[in-house]
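Please open the structure in a viewer and keep the selection tool at hand. The tour below proceeds by stops, each with something to select and a short account of what is found there.

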Amino acid sequence: MNHLLRSHAPITETGWEQLDEEARQRLVPALAARKLVDFSGPRGWEHSATNLGRARDVGTSAEGLEARRRTVLPLVELRAPFVVERHELLDADRGAVDLDLNGLDDAAKRISLAENLAVFHGWEDAGVVGVTEASTHPPVTLGPEYANYPSTVATAVEMLLKVGISGPYGLALGPDGYTGVVETTEHGGLIVFDHLRQILGGPIVWAPGVSGAVVLSLRGGDFLFESGQDLSIGYEFHDAHNVHLYLEESFSFRVASPDAAVILSP
């Protein structure tokens, strides 16, 4: 039996299709980290830890033996509960397309924000060291003028090139910075967004949860996200009026090359 227990929910195939599609539409734009790091998996709910390829010495009670313990990174589980009214699900079966799925939308925002925060800024309790925590470069300060962002990003790219980190490069921008960049035109008429893409050679990503911005290499192998259970909707319980559901995932994240990213401080 699948641990999500979807077959126990009073939801028809049509209802599940609408819920899954709504979740996909809300999650894809907000999962910024996945657009910039290496994603592997999903490996399934039963996958519990990422192999780090290392071991440490441990004691043994037997003479003449050496013992080592493999080092792994446990996956962390994230769950965002939400509620859907049963009459909305009945309307879905009747063909309604304007369903009230605000609870699902809010859950998608919460869980995507938590994932972005873990990848970019770390999650100490879960043993996750984020990109900005691991970076070995001194932060570069973003000024208040969006028209100056190309020069700041070019400085960050040069810092990466000097230590042998090749491109293309990506830019994770917090929501306020992203809006400002999109709306700003440099002297001479060049849109700042387009100028930044020319410098980076890679994407500029709207990244909820990011403080300031981060420039990171997209050459591969530097930032590793491993998915166990990819984001899915599961069933918890229901009553006469509501169905209690949740969005859930399990993952690990690690930085293999701390010198492959530069922080742009707000």
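The stops run from the whole chain to a sheet, its central features, aromatic contacts, a pocket and some points of backbone geometry.

**The whole chain**

Begin with the entire protein chain in a cartoon view, bearing in mind that this is a predicted model. The secondary structure comprises seven helices and twelve strands. Along its principal axes, the C-alpha trace spans about 75 × 60 × 25 Å. Of the 266 residues in the chain, 44% are buried.

**The five-stranded sheet**

Next, select strands 5, 12, 8, 6 and 7. They form an open sheet of five strands in the order 5-12-8-6-7, and the pairing is mixed. The edges are strand 5 (140-141) and strand 7 (204-206), each of which pairs on one side only.

Now narrow the selection to strand 6, residues 169-173. How many of the residues of strand 6 are buried? Five of its five residues are buried, and the strand is mostly covered. Colour Tyr-169, Leu-171 and Leu-173, which point one way from strand 6. Then colour Gly-170 and Ala-172, which point the other way.

Add the two neighbours of this strand in turn. With strand 7, strand 6 pairs in the parallel sense over three bridges. With strand 8 (residues 213-217), strand 6 pairs in the antiparallel sense over five bridges. Leu-173 is a useful residue on which to centre the view: its bridge partner in strand 7 is Trp-206, and in strand 8 it stands opposite Ala-213. For Ala-172, the bridge partner in strand 7 is Val-205.

**Aromatic pairs and a cluster**

Display the aromatic side chains. A search of the whole structure finds four aromatic pairs. Why is the pair of Phe-39 and Phe-225 called stacked? The ring centres are 5.5 Å apart and the planes meet at 15°; planes under 30 degrees apart count as stacked, so this pair is stacked.

Show the cartoon around these two residues as well. Phe-39 belongs to strand 1 (residues 38-40) and Phe-225 to strand 9 (residues 223-227), so the pair ties together parts that are 186 residues apart in sequence. A surface view sets the two rings apart: Phe-39 is partly exposed, with a relative accessible area of 33%, whereas Phe-225 is buried, with a relative accessible area of 1%. Add Phe-251 to the selection, since Phe-39, Phe-225 and Phe-251 form one aromatic cluster.

**Arginines over rings**

Select Arg-6 together with Trp-16. Arg-6 lies over the face of Trp-16, at 3.9 Å from the ring centre. Then move to Arg-79 and Tyr-246, where the charged end of Arg-79 sits over the ring of Tyr-246, 3.6 Å from its centre.

**The largest pocket**

Turn to the empty space of the model. Rolling a probe the size of a water molecule over the atoms shows where empty space is left. The largest pocket holds about 170 Å³ of space. Its lining consists of 13 residues, and those nearest the centre are Ala-23, Arg-24, Leu-27, Val-28 and Leu-231. Helix 1 (13-30) and strand 10 (232-238) are the elements that give two or more residues to the lining. Which element provides the largest share of the lining? Helix 1 does, with five residues. Colouring the lining by class shows seven nonpolar, one polar and five charged residues.

**Backbone geometry**

The closing stops concern the backbone. Most residues other than glycine have a negative phi, and most peptide bonds are trans.

- Select Gly-41 and Pro-42, which are joined by a cis peptide bond with omega of about 0°. Pro-42 is in the loop between strand 1 and strand 2 (49-58).
- Select Gly-167 and Pro-168, which are also joined by a cis peptide bond, here with omega of about 5°. Pro-168 is in the loop between helix 5 (149-162) and strand 6.
- Select Leu-5, a residue other than glycine with a positive phi, near 55°. Leu-5 is placed in the segment before helix 1, and it is partly exposed, with a relative accessible area of 30%.

Conventions: Residues numbered from 1 in each chain as written. Predicted model: local features only at pLDDT ≥ 70, side-chain atom pairs only at ≥ 80, totals over all residues. Heavy atoms only, no water. Phe/Tyr/Trp six-rings, centres within 6.5 Å; stacked < 30°, edge-to-face > 60°. Helix = DSSP H or I, 4+ residues; strand = E, 2+ residues; numbered from the N terminus. Buried < 20%, exposed > 50% of the residue type's maximum accessible area, 1.4 Å probe, protein only. Lys NZ or Arg CZ within 6 Å of the ring centre and 35° of its normal. 1 Å grid on protein atoms, 1.4 Å probe; cavity = no way out; pocket = protein on both sides within 12 Å on 5 of 7 lines; lining within 4 Å. Points joined across faces, edges and corners; volume = space filled by probe spheres on them. Nonpolar A, V, L, I, M, F, W, Y, C, P; charged D, E, K, R; others polar. Pairing = 2+ DSSP bridges.
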